[in-house]
Amino acid sequence: MKAIRRFTVRPVLPEPLRSLSDLARNLRWSWHTETRDLFRRVDPGNWAASGEDPVRLLGGVAPGRLAELAGDEDFLRRLAAVAADLDDYVTGERWYQTHSAELPRAIAYFSPEFGITAALPQYSGGLGILAGDHLKAASDLGVPLIGVGLLYRHGYFRQTLSRDGWQQEHYPVLDPHELPLALLREPDGTAARVSLALPGGRSLHARVWLAQVGRVPLLMLDSDVEENDLGERGVTDRLYGGGSEHRLLQEMLLGIGGVRAVRTYCRLTGHPDPEVFHTNEGHAGFLGLERIAELCNGGLDFDSALEAVRAGTVFTTHTPVPAGIDRFDRELVARHFGPAAELPGIEVGRVLQLGMETYPGGEPNLFNMAVMGLRLGQRANGVSLLHGNVSREMFSGLWPGFDPDEVPITSVTNGVHAPTWVAPEVFRLGARQIGGRRTEDAMTVGGSERWDAVGEIPDQDIWELRRGLREQLVREVRSRLAASWRQRGAGTAELGWIDGVLDPDVLTIGFARRVPSYKRLTLMLRDRERLMDLLLHPERPVQIVVAGKAHPADDGGKRLVQELVRFADDPRVRHRLVFLPDYGMAMAQKLYPGCDIWLNNPLRPLEACGTSGMKAALNGCLNLSVLDGWWDEWFQPDFGWAIPTADGTATDPDRRDDIEAAALYDLLEQRVTPRFYERGEAGLPDRWIQMVRQTLTLLGPKLLAGRMVREYVERLYTPAAHAHRAMTPDAARELAAWKARVRAAWHGVTVDHVETSAASPTAELGSTLGLRVRVGLGDLGPEDVEVQAVSGRVDSEDRIADASTAALKPVGSPDAEGRWVYEGPLALDRTGPYGYTVRILPSHRLLASRAELGLLAVPSEGTGEGAGVLMR
């Protein structure tokens, strides 16, 4: 019989065990080994059955067992020690507290998904896992971050397979009362609420759940409340589900409602108000509009409020393809703003202006969330060096006239949270070498360039560790594979072969990620006979573990999954290649450490970063990857292998896949498998172990989320906080008025004449030329602009590469025609074809970048000397 109503019955813990509840409610347990070990001791059998979730575990412990633990002195001593450690972690000084007061008082970090732990399934892939690692690393460092997201009642889907290998989606309902969450409450005990106005006089209400991620609060908005009509209750039903209006409402609730939730949280707890707002991808971009509305309600005009909001906003883009960005029809957005809907004090036209693709190549009727993020954020970044380059090119239309390398988008390469992803066995090996505290600091705070202590670990210990982790993976794979086959309809009698799946002594390759087409899940199947030869080689076999989910609406991705599953079902190879459904954090934490090789073969340059290979590397796994994302930045032959690419525009996609698959097979046959199976005098694969050692020693420190968050603090959050403090209401009005004046007058800014002191078209290296420029500034003055000389090597079409700039100085007063003369030296510091030009840019002390306004003036044809100088 089916229940008509469901309750969550919480256990009453005996007084000596009360701190178990505090430990369970702080998600630090998800990456803190001692806390997890303590919960395992509470009830070893139920620990595994609960999915290693302390909240579920405590909900199922028998009262007799609790009474027994309450009298167990050894357990109580351990409990007291772990509770004291958490208290010290949450309240003590950490990296951030040892720095100057110039750092931001608080930062709000908005993301549509957060991957903290499998016990809180609010993530779909890399974006969410990265956001979770960002929060955990911020907690470890003591950064005063407030996370903001949505609470999806169905999370992301659970994946199973049909008998013929077709992906099937399931959406189990999550009860927040059974999750490690607490309601944010007003002083009178009622649940805190935020509300949005919808068209037609309707409202969207949401309550706020709090997940405590170490020191960092994560606020999660939930629209499944009684005050809402049925449609509004479903706004936070599924991650990345529904049609355009559904997604728009989710993103309005995340951005606008999220700011309101932050204000409520700070009011109720005394937490400092954020000085910096960080938008992790464009989904939360509406947060800027809410902050503009706050300032307008306080007396600022829209343009001044926009400048004040931009100063304290950081925007991170994660996608290298336009198709990966949320874009909405202009009319849909317009309907949800203005007098009859949300933010009635802001003209709808001003809202639309922020997101419309009003640049060459854009779709003028579409509202682009990433474009709005860039227009509302004074500081923006991609997530690897290569992705920064791609992003500057992709969004260069927002800064017309500037070369892509001058587009104001920098990069902070992603990192991963080592305590979450490094196997306990790897941690213990490090602790045995340098001690537990130093190992923990090395993996969280980071800061060292090398982990030299790894060099002192004996080869035998490294190899035994790697084999032990591989053996654990074999057991995990067999268990999951058996469960998957039973879900597909197989009987126990059919599954005897699973006991022979994988071998702990065979080279193991891992491939696990989302399944969009560009990640090329099935590239390995390009030449099936060649792959079979690799899998079944009599002396140097390989085995491959594959996992991944296709988006529910992506039938092309589902076909790729089915193609791979059908190959893996072949009795000839099914003991060597397996597909595991329902890829998630729990599986990943077993998969990364157990693999010897992590495979990544996207279409370059479409992988923004690709952090799964980082997690594998921190466990001593070597990468075999296309030079994309982070691997393009940090690849060295000591750390693995680079798959050659055929990414020229002349190569059609099929031909490209053939070439790159052949390169992959060549690497495996000729370099990877011989290195793994070749043995030295002691019977160990000496050269392989050396690569593992180099990966951990030299690559490991770079891969940390602690390094990433420190970079955000130093390069983005702190400058944004300083800009926020400088942007007083008067300063914001001044900057807005100045920008309006400059834009209105820019048509009158001209470069009229350029001349140099060069007597011939050749010059000696190291010489200096005098440059004299006559410019028109129209209604502007020298204090409004910077006149620059831009010089560097030139190609056959006179395009300047690797340019350097130098400011020229005004000489005297304007002439009778109102023209100004600027002069300055031009140092000839490079040999070969060399050229220069002159340009005029807006200049103001409160600009973060000279390109910020997207305005510049350059010489017209015939202005003066055009060809530059050839040096010998």
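**Strands, burial and domains**

Biologist: In S27, which residue is the bridge partner of Pro 810?
Modeller: The model is predicted, so to say, by record: local features need pLDDT of at least 70, side-chain atom pairs count only at pLDDT 80 or more, and totals for chains, interfaces and linings use all residues. Residues are numbered from 1 along each chain as its sequence is written, and side-chain values use heavy atoms, with hydrogens and water left out. Strand S26 (residues 809–811) is joined to S27 by three bridges and the two run antiparallel, where strands are DSSP runs of E, at least two residues, numbered from the N terminus, and two strands pair if DSSP finds at least two bridges between them. In S27, Pro 810 has as its bridge partner Tyr 822.Biologist: Which residue of S27 (residues 819–827) is the bridge partner of Gly 776?
Modeller: Strand S23 (residues 768–776) and S27 run antiparallel and are joined by nine bridges. Within S27, Gly 776 is bridged to Arg 819.

Biologist: Is Ser 411 buried or exposed?
Modeller: Ser 411 belongs to strand S14 (residues 410–411). Setting aside residues up to four places away in sequence, Ser 411 touches Asn 381, Gly 382, Ser 384, Leu 385, Gly 388 and Arg 715, a contact being heavy atoms within 4.5 Å. The classes are buried (under 20% relative accessible area), exposed (over 50%) and partly exposed in between, with a 1.4 Å probe and protein chains only. Because its relative accessibility is 9%, Ser 411 counts as buried.

Biologist: What is the relative accessibility of Ala 547?
Modeller: Ala 547 lies in strand S16 (residues 542–547). Apart from neighbours within four places in sequence, its contacts are Phe 511, Ala 512, Arg 513, Phe 579, Leu 580, Tyr 583 and Met 587. Ala 547 counts as buried because its relative accessibility is 0%.

Biologist: How many residues of helix H22 (residues 585–594) are buried?
Modeller: A helix here is a DSSP run of H or I, at least four residues. The buried residues of H22 are Met 585, Met 587, Ala 588, Leu 591, Tyr 592, Pro 593 and Gly 594. H22 is mostly covered, and of its 10 residues the number buried is seven.

Biologist: What distance separates the centres of domain 2 and domain 4?
Modeller: The domain assignment gives domain 2 as 105–415 + 717–726 and domain 4 as 747–842; such bounds come from an automatic or database assignment. Taken over C-alpha atoms, the separation of the two centres is 43 Å.

Biologist: How far apart are the end C-alpha atoms of residues 13–120?
Modeller: UniProt, in an unreviewed entry, places the feature "domain: DUF3417" at residues 13–120. The span is 53% helix and 4% strand. Its end C-alpha atoms are separated by 23 Å.

Terms used
UniProt positions renumbered as here; feature names shortened; annotations may be inferred.
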